[in-house]
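Ready for a short tour? Load the model in your viewer, keep the selection box handy, and follow the stops below.

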Amino acid sequence: TGNTSGGNYSSKMRILNNGNVGIGTTAPANKLSVSGQADMTSLSVGTSTAQTAGNGYFTGTVTAGAFAGGTYAGTINASNVSSGTFGSNTGGGTYSFSGNVGIGTTSPTSGKLQIDSGSANIPAIYLTSSGAGWGSGIQFVNTATGGRNYGIYSDSANPGILHFADATAGQDRMVITSTGNVGIGTTGPGAKLQVNGDVYFSNSGTNDSTFRVGGVNNRRNYYAWYDPTVNSGGYTGLGMDTYTSGWLLNLFAVGDGTNTSPAIDFVTGNTSGGNYSSKMRILNNGNVGIGT
């Protein structure tokens with residue numbers, strides 16, 4: 001169409017003998033090739049199902065590079081998003097996938113999101129934030145009745161501290177400082193482990209439960225332990241020993257098997273020399289025995 005006198009006489013649409021239709025082009029390579037801008041209130045690709053205004057429906061493979069340099073508003077339902085970058089423009093976006101999502105893997109079968117970094121030196125997840133609070137953190141939320149929200153984050157308001165928090169209560173349950181100190185019940189631990197509250201040690205089996213403080217080699221060890229057989233002759237108490245020589249000094253609460261006549265034992269000796277025995281015993285009636 002056009003005006004021959006005005007010089008605007010040209011092809012506006014061409015249909016080739018193979019059925020390809022070109023608009024703005026005389027060499028359409030596909031069933032429909034458009035050279036120029038096309039305005040549509042809705043779009044269906046791979047299906048004849050009509051879409052409501054503002055929506056697009058795609059089946060098959062959608063290459064994100066098709067939207068490079070522009071913007072898209074609406075809904076993309078794609079069974080396979082093959083490549084490209086989403087959310088690189090200022091608008092960002094929300095993307096919904098009905099199945100599992102794999103990053104670094106084409107077979108995400110272990111969960112709704114499976115990430116494989118493919119390298120020992122590259123973290124699977126790398127979180128950054130320059131702000132205070134949860135910006136560089138992750139939360140675990142149980143939405144069931146009575147469920148809670150827990151999380152882990154590094155806070156710029158307290159540089160160097162890693163928080164293990166109960167977000168539901170708005171409280172830290174444990175922190176680790178940049179020097180390696182661990183705090184439970186406190187956010188400012190002054191030692192390798194600082195606990196503000198009670199500590200309970202137990203063993204569900206038949207073995208002793210022992211809490212030991214000390215070093216190795218020639219250093220002394222201080223410890224406390226509980227023997228589950230205490231009511232039938234077992235021991236519960238405090239002690240000190242030297243690591244290499246085997247010398248001991250222990251204070252025991254001793255059961256008698258009936259729980260009617262327990263005693264307190266003062267035990268010393270050398271375990272390696274076979275001289276490990278009670279040196280003094282105080283019975284529950286107040287009698288004290290030395291050498292007996």
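Select Met 13 to begin: it counts as exposed because its relative accessibility is 52%, where exposed means over 50% relative accessible area, buried under 20%, and partly exposed in between (1.4 Å probe, protein chains only). Met 13 sits in strand E1; strands here are DSSP runs of at least two E residues, numbered from the N terminus, while helices are runs of H or I with at least four residues.

A word on what you are viewing: this is a predicted model, in which local features need pLDDT of at least 70 and side-chain atom pairs count only at pLDDT 80 or more, while totals for chains, interfaces and linings use all residues. Residues are numbered from 1 along each chain as its sequence is written, and side-chain values use heavy atoms, leaving out hydrogens and water.

**Next stop: the patch**

Add Ile 15, Ile 23, Leu 32 and Val 34 to your Met 13 selection, and you have a nonpolar surface patch of about 480 Å². Patch residues have over 30% relative accessible area and no salt bridge, with nonpolar side chains (Val, Leu, Ile, Met, Phe, Trp, Tyr) joined within 5 Å and like charges within 9 Å. A salt bridge is a side-chain nitrogen of Lys or Arg within 4 Å of a carboxyl oxygen of Asp or Glu. Strand E1 (13-15) and strand E3 (32-34) each give two or more residues to the patch.

**Then: Thr 25**

Now pick Thr 25, in the loop between strand E2 (21-23) and E3. Is Thr 25 buried or partly exposed? Its relative accessibility is 23%, so Thr 25 counts as partly exposed. Show its contacts (heavy atoms within 4.5 Å): leaving aside residues up to four places away in sequence, Thr 25 touches Arg 14, Ser 33 and Ser 35. Draw a distance from its C-alpha atom to that of Ser 11, 14 residues apart along the chain, and you should read 8.0 Å.

**Further along: a six-stranded sheet**

Select E11 through E16. These six strands form an open sheet with mixed pairing, in the order E11-E12-E13-E14-E15-E16; strands pair if DSSP finds at least two bridges between them. At the edges, strand E11 (137-141) and strand E16 (193-195) each pair on one side only. Inside the sheet, E13 (residues 162-166) and E14 (residues 171-176) run antiparallel over five bridges. Highlight Phe 164 and its bridge partner in E14, Met 174.

**Last: zoom out**

The whole chain has zero helices and 23 strands. Of its 292 residues, 17% count as buried.

Key. Areas by Shrake-Rupley, 256 points an atom, 1.4 Å probe, with all protein chains shown as cover.
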